[in-house]
Amino acid sequence: MASDFLTIALSKGNLLKPTVKMLSLVGLPVEGVDEDSRNMVFTFAEPAVKYIMCRPTDVPTYVEQGAADLGIVGKDVIEEQSKDVFELADLGYGYCRFVVAGPQELQGTPLKGLNYKRAATKFPNVAERFFRSQGLQVEIIKLHGNIELAPIMGLSDIIVDIVSTGRTLRENNLVELFNIMESTTRLICNRVSYRTKHKQIQPLVELMQNTVRSGRMS
Amino acid sequence: MKNREIPKGLRDLLPEEVAVHRDMQQKAARLFTSYGYREVVTPTFEFLEVVESGTGGDIRKDLFLFMDREGGILCLRPEMTVSIARLAATHMHDLDFPQRLYYMCNVFRHVQPQRAQYREFWQLGIELLGASGVWADAEVITIAAKTLKELGLRDFKISLNQIAIFNSLLQESGLNEEDQSQIRHLVERKDLVELSRRLERMDLNDEVKESIALMPVLHGGLEILNRIPYAEHNRQASEAIQELDRIYEALKICGVIDHIVIDLGVLRGLDYYTGVVFEGYSPDLGYGLLGGGRYDNLMGHFGLDRPATGFALGLDRLALVVGQRQELPRRFLVGGKNFAAVVAEADRLRQQGCIVEMDVEGCSKEQLQCKLQGRSEYHLIYLEEEPEVNQCGQ
């Protein structure tokens, strides 16, 4: 981090393609930046920038600890991890929502009907905070994938998950019960980098905000 | 084996690490003393009431709490400023002010441990009690900068702000307390996304909105102070800006201006700050190194109404940046068969100020030479004298 390079942690997966597009629209070099490449670090001399390829869930960690100055990652990940990072811009793409979902019988249940239920989720912190803020006691069961399976197999009564179109829910006969929050991709920044590299970072933030406003990303 | 573990987030410091710490402490102490500051020590734990009345409510989740058998709720000190304000208010009320105090203490916070974040860590800092005004702030900020310099940092920055600029803006906004504290939190965390959403939904005049949105991103030299649209109409804000202006000029005179930037997003987490606040950073570490500011109401909580300002610096974080001291001090190893002669020679050298170890195992010259191989900081002295009869042997 001591270098003059601006180091940006990129999320692999769905977000990578639009992220690369965003970077090129704001005039940053993106030649060869691709997750199929075996490189995990991409270095460009002019302007001096370095990209590192991370799992989305690792991006906030790299940024919080200063191993990267900036990171591009979904709000869903940021919200789950509550890391101490600055959130500088909403990049607009990668839309999804956190929802509470359950089997069709639960459709129309009031919120308080969820009291003392069991909820399976990949996002225990988001789930816990939501239920608590509603004054509910819900047992959280942390799983690592295929959350929809939990209510089918009787492991949980409901689930907390992210959905974008809702197709996966429908295919598993689950319905959305409550909306927790919406999420899009964000530009995050290390607390110290924001100060020590302000001259490099602030113009970039403004360029990205303008790009989002101009609609060129869609 | 449980008996080999230590509680989460704590550390053992080994001799090399302690040497780095002590070296930094000595340099800082010399500097503080040269400005007239005197060291104080406060208890490791305080009553919860003391800590909370000073820092405001939000700190409890970060405290180590326990009870004494008289039913008092105790807490390991999470920082030193509140304790020193209490100490000064109770023991120094009949002294002349200003009083200049410094400390070097361990403090405790129940945080998630990670690099540069420990549950017990060392702070050193100063408090200038009973002095208001620009010169006092300039003294404290200058000492902060000089401390970082003295401890070997070159490339550091200190960000300055005057929180009355932001607070008066919030007051003028007419928002309720809940909204104000949320906005404050968002500016502090630089959550620009949520901030702009909240502001959009709020019923505020555009000038105030625009000014609030600018706060977290304004960063640079004095010129940025001209970019806050509403400040011209608000007396408190324009006074605060003038004060920042004067401090900036004073810091030029003090010779530390190269390290100073203005950053209107620096608000500091603690509720007790009332005026100029600042934070110090190095590009070599992703965490802040020092923080401080003016806290004119804190001592009043303890019954002695005095203005005050100060800063605290995290020694453990600084050690990560400054790194290990390279050269080991030279030392002697004195050996021989005659214990009395060894003791006498060792004492003679110590009196000259040398570091002297004695061979207490009765090794031969060859054995000692073998032990010291590759340890160039040692100089071996082997005394060939034979022991006298009746001398205590090995």
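This note covers the chain contact, the domains of chain B and one helix pair in a predicted model.

1. Chain A against chain B. The two chains meet through 18 residues of chain A and 18 residues of chain B. On the chain A side, three elements each supply at least two residues: strand 5 (86-90), helix 7 (191-196) and helix 8 (198-214). The chain A side is mixed in class, with 7 nonpolar, 6 polar and 5 charged residues.

2. Domains of chain B. The domain assignment splits chain B into three. Domain 1 is written in two pieces, 7-156 and 282-326. Domain 2 covers 163-265, and domain 3 covers 331-383.

3. Domain 1 against domain 2 in chain B. Their centres, taken over C-alpha atoms, lie 26 Å apart. Contact involves 9 residues of domain 1 and 8 residues of domain 2. On the domain 1 side, 6 of these residues are nonpolar, 1 is polar and 2 are charged.

4. A helix pair in chain B. Helix 1 (residues 15-34) packs against helix 11 (residues 315-322). The axes are 10 Å apart, at an angle of about 105°. Angles of 65 to 115 degrees count as roughly perpendicular, so helix 1 of chain B and helix 11 of chain B are roughly perpendicular to each other.

5. Residues at that crossing. Helix 1 of chain B contributes V20(B), H21(B) and M24(B). Helix 11 of chain B contributes L315(B), L318(B), A319(B) and V322(B). The contact has 6 nonpolar residues, 1 polar residue and no charged residues.

Notes: Residues numbered from 1 in each chain as written. Chains lettered and ligands numbered in written order. Predicted model: local features only at pLDDT ≥ 70, side-chain atom pairs only at ≥ 80, totals over all residues. Axes fitted to C-alpha atoms, helices over the stretch in contact; angles between N-to-C directions. Helix = DSSP H or I, 4+ residues; strand = E, 2+ residues; numbered from the N terminus. Parallel < 35°, antiparallel > 145°, perpendicular 65-115°, else oblique. Contact = placed C-beta atoms within 7 Å. Nonpolar A, V, L, I, M, F, W, Y, C, P; charged D, E, K, R; others polar. Domains from an automatic or database assignment.
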